[in-house]
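I opened a new notebook page today and went looking for contacts between side chains. Here is what I looked up, entry by entry.

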Amino acid sequence: MTRQIVLDTETTGLNPRSGDRVIEIGCVELVNRKLTGNNFHRYINPERDSEEGALAVHGLTTEFLSDKPKFAQIIDELRDYLSGAEIIIHNAPFDVAFLNAEFALLDLPDFTKHVGPIVDTLVQAKELHPGKKNSLDALCSRYGISNAHRKLHGALLDAELLADVFLAMSRGQNSLTMEMQVENEDSANQDQSFDAPLPDVIVLCASDADLDAHNALLSGLDKDSKGKTVWRMQTENPV
């Protein structure tokens, strides 16, 4: 059984070294790449205010968090929930630094000592899509995952979205393969081919209005550059 936990946090600011704290933890469980519904979500009283920029991102006010448990009160159930699991985080160094700091305040070994391997989906995304935007919103758009309900950042919501993104990004690991079984050694050496009709190619031509707008744009560029654009030079003198 492969158990993975997709994890996200919200914090009072950007730097645990300057005293910023974790205020929300959201975790989504995957077992054998399937969502189980056994999620973990807690709001936490950080005993300090959020910085203005962070508050604009998550919207969790000091007043809202004032009656929530402190980190020390949720640490045991959090450790039990995460124990031994592979942890999946987007931009893992950020969340891990905060969690390590919270564990250190309680004189506990680093967060990383309580869990299995940590997978950084931001690193994965950069390898799969070099030079592209790889924020969670960008990945949701790229993989067709609806995040229209994401008005503010929330740890559980972001963990749920990241779980879908992770499954989509890593789907190639479970790609379908065709295994051909042969009845005897002779058939194993035969050339096997499959003829399938190709789909019709749909060609969409630019409208007259589109062409006029394009030519007007090129004329403007010609005027600004006091010459001809590369596009016009290429079309007038094709190689």
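**Entry 1: salt bridges**

I searched the whole structure, which is a predicted model, and the search came back with six salt bridges. I wrote down three of them, including the one between Arg48 and Asp20, whose side chains meet at 3.3 Å, N to O. Next I looked up where the two partners sit. Arg48 is in the loop between strand S4 (40–43) and H1, while Asp20 is in the loop between strand S1 (3–11) and S2, so this pair ties together parts that are 28 residues apart in sequence.

Is each partner buried or exposed? Arg48 is partly exposed, at 28% relative accessible area. Asp20 has a relative accessibility of 3%, and it counts as buried because the cut-off for buried is under 20%.

My next salt bridge joins Arg21 and Glu102, with the closest N and O atoms 2.8 Å apart. How many residues apart in sequence are the parts that this pair ties together? I found 81, because Arg21 lies in the loop between S1 and S2 and Glu102 lies in helix H4. Both Arg21 and Glu102 are buried.

The third one I noted is between Asp76 and Arg79, where the side chains meet at 3.2 Å, N to O. What separates these two? They are three residues apart in helix H3 (residues 71–82), so about one helical turn lies between them. That made me go back to a rule from class: an α-helix has 3.6 residues a turn, so residues three or four places apart point the same way. I also checked the exposure of this pair. Asp76 is partly exposed at 47% relative accessibility, and Arg79 is partly exposed too, at 26%.

**Entry 2: aromatic pairs**

I then turned to the rings, and the count came to five aromatic pairs. One of them is Phe94 with Phe98, a tilted pair at 5.0 Å centre to centre, with 50° between the planes. These two are four residues apart in helix H4, so they are separated by about one helical turn. I looked up their exposure as well: Phe94 is partly exposed, with a relative accessible area of 25%, whereas Phe98 is buried at 1%.

Another pair is Phe103 with Phe111, and I noted it as edge-to-face, with 5.9 Å from centre to centre and 80° between the planes. Why edge-to-face? Because its planes are over 60 degrees apart. Phe103 is buried, at 1% relative accessibility, and Phe111 is buried with a relative accessible area of 1%. Which residues form one aromatic cluster? My list reads Phe71, Phe103 and Phe111.

**Entry 3: charges over rings**

I kept the rings on screen and looked for charged side chains over their faces. Arg42 lies over the face of Phe40, at 4.5 Å from the ring centre. Lys68 lies over the face of Phe64, and here the distance from the ring centre is 4.0 Å.

**Entry 4: positive phi**

For the backbone I started with a reminder to myself: most residues other than glycine have a negative phi. Then I looked up Asn32, which has a positive phi of about 55° although it is not a glycine. Asn32 is found in the loop between strand S2 (22–31) and strand S3 (34–35), and it is partly exposed, at 47% relative accessible area.

Asp107 went on the page as well, since its phi is near 55°, a positive value in a residue other than glycine. Where is Asp107? I found it in the loop between helix H4 (92–105) and strand S6 (118–120). At 72% relative accessibility, Asp107 counts as exposed.

**Entry 5: a helix and a long-range neighbour**

I finished with helix H7 (residues 155–169). Its 15 residues reach 20 Å from the first C-alpha to the last, close to the 21 Å expected at 1.5 Å a residue. H7 is mostly covered, with 13 of its 15 residues buried.

My last look was at Ala56, which sits in helix H1 (residues 52–58). Ala56 is exposed, at 59% relative accessible area. How far apart are Ala56 and His153? In sequence they are 97 residues apart, and in space 9.3 Å, C-alpha to C-alpha.

Key
Residues are numbered from 1 along each chain as its sequence is written. This is a predicted model: local features need pLDDT of at least 70, side-chain atom pairs count only at pLDDT 80 or more; totals for chains, interfaces and linings use all residues. Side-chain values use heavy atoms; hydrogens and water are left out. The expected span of a helix is 1.5 Å times one less than its number of residues. Buried means under 20% relative accessible area, exposed over 50%, partly exposed in between (1.4 Å probe, protein chains only). A salt bridge is a side-chain nitrogen of Lys or Arg within 4 Å of a carboxyl oxygen of Asp or Glu. Rings of Phe, Tyr and Trp (its six-membered ring) pair if their centres lie within 6.5 Å; planes under 30 degrees apart count as stacked, over 60 as edge-to-face and the rest as tilted. A charge sits over a ring if NZ of Lys or CZ of Arg is within 6 Å of the ring centre and within 35 degrees of the ring normal.
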